[in-house]
Amino acid sequence: MRALLFLMLIPCAATAQDRVGDGIYLEFDVQAFKAGQWVEQELTTKFIDEDGKAVAEHWFSRLACIRTDDEFVWMEETRWSAARPDERTVTQHQLRRKDGEVLKAWRGKPGSKGEILEICKSLPVTEIHPRDSKRTGNVTTEKLEVGGTVIEIQKIQIEIVEPGEKGKKFIKTICISKSAPFPIRWDDEGVLRRKTEEATLAGTIEVTAGVVSIERTWPNGSSRFAVIAMGIDAKPTLTTK
């Protein structure tokens with residue numbers, strides 16, 4: 001989910017106002033998306049910046065599948081900050097169903113006519129840790145309440161320790177569930193698969209599941225992305241014609 005727009009490909013280096021990357025959905029199994037599915041997500045980040053100042057960010061987003069046919073899938077992503085909940089921006093994407101590539105995109109306020117965006121090439125994810133970092137972890141099956149419903153999840157926790165006497169430690173915890181919409185890819189091109197295969201894990205990961213949460217901690221901060229509600233009654237909120 002975008003946020004997910006997670007482990008995903010990084011959009012092109014361009015102004016976010018008038019461009020969108022073509023690969024922002026390539027981490028998902030788009031052929032499994034169903035019209036009407038939606039999730040609401042919360043993202044919090046806390047860290048210490050280069051000047052030693054504490055920074056906190058708090059955002060929400062809603063990802064919805066508003067239409068499908070044999071060739072295409074239409075998605076809407078709505079974003080807003082906790083500080084300004086009434087100031088929302090909607091981006092609608094038309095995807096090629098067979099591979100999830102973004103073909104067209106529009107952006108505007110809910111209920112408005114969207115302005116067409118330029119599609120640019122997404123940049124591949126780059127590794128931020130040295131290749132000889134130690135990666136270990138485990139996989140457990142647990143129960144979690146999401147939007148008032150208890151679902152079964154798989155919890156994947158990975159610890160990354162960079163080399164050296166004072167190697168920095170990073171922890172990533174990913175929760176996935178068959179009950180969550182928008183399953184991720186688990187083929188040779190799946191970013192999550194490649195990242196988890198780099199670690200020595202105790203346990204087996206299910207392969208057809210959507211992301212429920214992602215938590216990260218690093219030496220000077222932490223972030224948490226989590227699904228807080230989901231449903232099957234999504235409707236378009238942006239007009240494109």
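Which residues does histidine 129 touch, not counting residues up to four places away in sequence? In this predicted model, they are Arg135, Ile160, Glu162 and Phe170.

## Histidine 129

Let's start with where this residue sits. Histidine 129 belongs to the loop between E8 and E9. Despite being in a loop, histidine 129 counts as buried, because its relative accessibility is 10% and the cut-off for buried is under 20%.

One of its neighbours deserves a second look. The side chain of histidine 129 makes a polar contact with the side chain of glutamate 162, at 3.0 Å. Glu162 is also on the list of residues that histidine 129 touches, along with Ile160.

## Serine 133

Now a little further along the chain. Serine 133 is found in the loop between strand E8 (118-120) and strand E9 (134-146), and histidine 129 lies in the loop between E8 and E9 too. Is serine 133 buried or exposed? It's buried, with a relative accessible area of 8%.

What does the serine 133 side chain reach? It goes to the backbone oxygen of proline 130, at 2.8 Å. Leaving out residues up to four places away in sequence, serine 133 touches Ile160, Val161, Glu162 and Pro163. Ile160 and Glu162 turn up again here: serine 133 touches both, and histidine 129 touches both.

## The cavity

On to the empty spaces. The structure holds 1 cavity of 30 Å³ or more, and about 30 Å³ of space lies in the largest cavity. Strand E3 (54-68) and strand E4 (72-81) are the elements that give two or more residues to its lining.

Arg62, Ala64, Glu76, Thr78, Lys235 and Thr237 make up that lining. Sorted by class, the residues lining the largest cavity come out as 3 charged, 2 polar and 1 nonpolar.

## The second largest pocket

The second largest pocket has a volume of about 220 Å³. Here the elements that give two or more residues to the lining are E3, strand E5 (89-96) and strand E6 (102-108). So E3 is named for this pocket and for the largest cavity as well.

If you want to find the pocket on screen, its lining consists of Ile66, Arg67, Trp74, Gln92, Gln94, Lys104, Trp106, Pro236, Leu238, Thr239, Thr240 and Lys241. How many nonpolar, polar and charged residues does the lining of the second largest pocket have? The split is 5 nonpolar, 4 polar and 3 charged.

Key: Residues are numbered from 1 along each chain as its sequence is written. This is a predicted model: local features need pLDDT of at least 70, side-chain atom pairs count only at pLDDT 80 or more; totals for chains, interfaces and linings use all residues. Side-chain values use heavy atoms; hydrogens and water are left out. Helices (H or I, at least four residues) and strands (E, at least two) are DSSP runs, numbered from the N terminus. Buried means under 20% relative accessible area, exposed over 50%, partly exposed in between (1.4 Å probe, protein chains only). A polar contact is a pair of N or O atoms within 3.5 Å; within protein, one must be able to donate a hydrogen and the other to accept it, and residues adjacent in sequence count only if both atoms are side-chain atoms. Contact means heavy atoms within 4.5 Å. On a 1 Å grid over the protein atoms alone, a cavity is a set of points where a 1.4 Å probe fits but cannot get out, and a pocket is an open set with protein on both sides within 12 Å along at least five of seven lines; lining residues have an atom within 4 Å of a point. Grid points are joined across faces, edges and corners, and a volume is the space filled by probe spheres set on the points. Ala, Val, Leu, Ile, Met, Phe, Trp, Tyr, Cys and Pro count as nonpolar, Asp, Glu, Lys and Arg as charged, and the others, Gly among them, as polar.
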